[in-house]
Structures are given as structure tokens and as C-alpha cells.
Amino acid sequence: MSSHPSLIKTRKPGERVFCFLLVMGSIYLFWQAYKISGFSELSSPGAFPLAASATMILASCIAFINTLKLPEAEGVRFVHHCFPPIVATIMALILVYSIILESLGFILSSFAFLFISIQFLYRCRVLTTLSITLLALVVVYIVFRLVFQVVLPEGIVPEREILSSIKSLWR
């Protein structure tokens, strides 16, 4: 291995914790896969999930052990390099969206989430953001609610009444 500083592998802030969480998550997935049907034979329903999660455990353990050996990177800050404010903001928006989704409903909460996210990330004109938001929301709604018939949280918008009114116009 070369002694040139830029070629020496280093450990970034949070890397050990992340790798440890990967190991724990892989073990949890292995347990869930085992609960599907145990491991009675190679063709059992749980065989593939068990094999996949066992591979995840092995790979994440190797990654974790390798990070334990690496020296800490100098001059690298977690907040700046690994978890910048833009990522924290979007994660906070996703958290708020998941909290208000049930009470406000899919249409209003998704509209608010998309509008705020697009405006925050692209900083374009409000009319452009509104157009992109409405187009995306209409496409997602048509695909999931009407085509795949996924039941979405209705919230305060009387969605069923609106849909039945639209259907009655076509009759």
C-alpha cells in the first residue's frame, strides 16, 4: 500500500455506527425470513429470503470488521460531509409528511410535501413549482388510486364523493 496521504483508506464519521446498524438490520431480516416458514427444505418459501439475509449478514460483518481497522479521516465533519443540512431538511419533510398523511389525507399532504420539497430543492418560480407538483400528484394518483386501486388515506378531502360525481358524469 502506498504511503501517499490521498491513497490511504480512512473511516468517515459515522461509518462504524452505520456498518454496525447494517449488521443488526441484517440479523433482524434473517430472523424475519426464518419466521416465514423456517428452513425445512431448499424449496420452502423462506429459503430464498434466508439465503439473501444470510448473505447480507456476512457482507455487513465483513464491512464492519474492515471499518474497525481503518484510521479516522482527518478534517471530515459528519454534518458537512455525511449529513448535510439539505439531507436533514428533506428527512424532516418526509417525517412531517408521514405524520400528517393519515389526518390530512394523501392528496393534501402529498401536495404540500411535493410543493415544499420542489421549491426547496430547485428554487424555481412558484408557478413552475405549482405546475410540477400538480402534474406529479395527478400522475401518481391516477397510477396508484385508479389503475392499481391502492387505497390511499382520504383525510379531509371527500375523495369518494368526488370520484363518484366524476363517474356519474360519464354515465
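Is Phe-64 buried, partly exposed or exposed at 22% relative accessibility? Select this residue in the predicted model: Phe-64 counts as partly exposed, because buried would require a relative accessible area under 20%.

**Aromatic pairs**

Keep Phe-64 selected and add Phe-20. The structure holds 5 aromatic pairs, and these two residues form one of them: the ring centres are 5.9 Å apart and the planes stand at 55°, so the pair is tilted. Phe-20 belongs to helix 1 (residues 15–37) and Phe-64 to helix 2 (residues 47–69), so that the contact links distant parts of the chain, 44 residues apart. Phe-20, with a relative accessible area of 40%, is partly exposed.

Next, select Phe-144 and Phe-148. Their ring centres lie 6.3 Å apart with the planes at 55°, and this pair is likewise tilted. Phe-144 is partly exposed at 40% relative accessibility, whereas Phe-148, at 57%, counts as exposed.

**Helix 5**

Now display residues 106–122, which make up helix 5. This helix has 17 residues and spans 23 Å from its first C-alpha to its last, close to the 24 Å expected at 1.5 Å a residue. Colour Phe-106, Ser-109, Ser-110, Phe-113, Ser-117 and Ile-118, which are buried. They occupy an arc of only 145° around the axis, which places them on the same side of helix 5. To see what this side faces, show helix 4 (85–104) and helix 6: the buried residues of helix 5 pack against both.

Proceed to Arg-123, just after helix 5, where the backbone takes a positive phi of about 50°. Then add Phe-120: the charged end of Arg-123 sits over the ring of Phe-120, 5.4 Å from its centre.

**Salt bridges**

A search of the whole structure finds 2 salt bridges. For one of them, select Arg-145 and Glu-159, whose closest N and O atoms are 2.7 Å apart. Arg-145 lies in helix 6 (residues 126–147) and Glu-159 in helix 7 (residues 159–170), so the pair ties together parts that are 14 residues apart in sequence. Both Arg-145 and Glu-159 are buried.

Finally, select Glu-154 and Arg-160, whose side chains meet in a salt bridge with an N to O distance of 2.8 Å. How do these partners stand with respect to accessibility? Glu-154 counts as partly exposed, at 21% relative accessibility, while Arg-160 counts as exposed, at 58%.

Key:
Residues are numbered from 1 along each chain as its sequence is written. This is a predicted model: local features need pLDDT of at least 70, side-chain atom pairs count only at pLDDT 80 or more; totals for chains, interfaces and linings use all residues. Side-chain values use heavy atoms; hydrogens and water are left out. A salt bridge is a side-chain nitrogen of Lys or Arg within 4 Å of a carboxyl oxygen of Asp or Glu. Helices (H or I, at least four residues) and strands (E, at least two) are DSSP runs, numbered from the N terminus. Buried means under 20% relative accessible area, exposed over 50%, partly exposed in between (1.4 Å probe, protein chains only). The expected span of a helix is 1.5 Å times one less than its number of residues. The arc is that of the directions from the helix axis to the C-beta atoms. Contact means heavy atoms within 4.5 Å. Rings of Phe, Tyr and Trp (its six-membered ring) pair if their centres lie within 6.5 Å; planes under 30 degrees apart count as stacked, over 60 as edge-to-face and the rest as tilted. A charge sits over a ring if NZ of Lys or CZ of Arg is within 6 Å of the ring centre and within 35 degrees of the ring normal.
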